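Let us take a walk through this structure together, beginning at a single residue and widening the view step by step. Have the model in front of you as you read.

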Amino acid sequence: GAVVEGPAAPQVLPVLMVEPNPCRGRAVLTYIVGAEVRVGLVVRDVTGRRVRVMAEGRQPAGRHTLVWDLCDAAGCRVPAGVYLVELAANGRRSRLKIQVLD
């Protein structure tokens with residue numbers, strides 16, 4: 001599951017889901033925030049390097065869905081492997097591992 005860090009603020013606990021996992025052509029990233037907050041949704045490789053910023057800025061409360069085309073910031077397809085999807089919202093972080101297949 002997601003690892004949550006930061007001060008207790010259950011009303012704005014960010015929920016993060018990734019499907020399918022493992023994925024081949026694309027991944028659907030869904031997150032839920034309980035209040036309007038500043039959100040950062042970043043895909044990183046296993047070394048922690050930023051691969052792609054999916055969302056950044058204030059988001060209204062509710063459910064948000066983005067599609068990652070498995071490309072990096074330059075538009076190149078990422079190699080197969082494990083990636084981390086990290087959601088930061090209101091001082092809290094949720095992280096999920098995602099397996100990208102060839």
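Val42 lies in strand E3, and it makes a good starting point for a tour of this predicted model. Is Val42 buried or exposed? Its relative accessible area is 8%, and a residue counts as buried when that value is under 20%, so Val42 is buried. Leaving aside residues up to four places away in sequence, Val42 touches Arg50, Arg52, Val53, Leu84, Val85 and Glu86. You can also look from Val42 towards Arg95: these two residues are 53 apart along the chain, and their C-alpha atoms are separated by 9.6 Å.

Now step back to the sheet around this strand. Four strands form an open sheet in the order E4-E3-E6-E7, with antiparallel pairing. The edges belong to E4 and E7; each has a single partner strand, so one side of each is left without a neighbour in the sheet. On average, neighbouring strands here are turned by 15° against each other, direction ignored. Within the sheet, seven bridges link E3 and E6 in the antiparallel sense. One place to see this pairing is Val39, whose bridge partner in E6 is Ala89.

Other strands pair up as well. E1 and E2 run antiparallel and are joined by five bridges; look for Leu16, which stands opposite Tyr31 in E2. E2 is also joined to strand E5 (residues 62-68) by seven bridges, again running antiparallel. There, Thr30 has Thr65 in E5 as its bridge partner. How many of the seven residues of E2 are buried? The count is six, which leaves this strand mostly covered.

With these strands in view, the whole chain is easier to read. It has seven strands and zero helices, so the pattern along the sequence is simply β-β-β-β-β-β-β. Of the 102 residues in the chain, 41% are buried. Among contacts between residues at least 6 apart in sequence, 57% join residues at least 24 apart. The chain exposes about 5500 Å², and carbon and sulfur atoms supply 52% of that area.

What about the inside? In soluble globular proteins, nonpolar side chains tend to be buried together. Here the largest nonpolar core has 24 residues, and Leu41 and Trp68 are those with the most contacts inside it. Strands E1 (15-19), E2 (27-33), E3 (37-45), E4 (50-59), E6 (81-89) and E7 (92-100) each give two or more residues to this core. Which residues does Trp68 touch, not counting those up to four places away in sequence? They are Arg26, Ala27, Leu29, Val43, Arg52, Met54, Val78, Tyr83, Ile98 and Val100.

Last, turn to the cysteines. A disulfide is a covalent bond between the sulfur atoms of two cysteines. The count in this model is zero disulfides. For Cys76, the nearest cysteine sulfur is that of Cys71, 7.4 Å away; a disulfide needs the two sulfur atoms within 2.5 Å, so Cys76 is in no disulfide. Cys76 is partly exposed, with a relative accessible area of 42%, whereas Cys23 is buried, at 1%.

Terms used:
Residues are numbered from 1 along each chain as its sequence is written. This is a predicted model: local features need pLDDT of at least 70, side-chain atom pairs count only at pLDDT 80 or more; totals for chains, interfaces and linings use all residues. Side-chain values use heavy atoms; hydrogens and water are left out. Buried means under 20% relative accessible area, exposed over 50%, partly exposed in between (1.4 Å probe, protein chains only). Contact means heavy atoms within 4.5 Å. Accessible areas come from the Shrake-Rupley method with a 1.4 Å probe; for residues, only the protein chains shown count as cover. A nonpolar core is a set of buried Ala, Val, Leu, Ile, Met, Phe, Trp, Tyr and Cys residues joined through side-chain atoms within 4.5 Å. Two strands pair if DSSP finds at least two bridges between them. Axes are lines fitted to C-alpha atoms, for helices over the stretch in contact, and angles run from 0 to 180 degrees between N-to-C directions.
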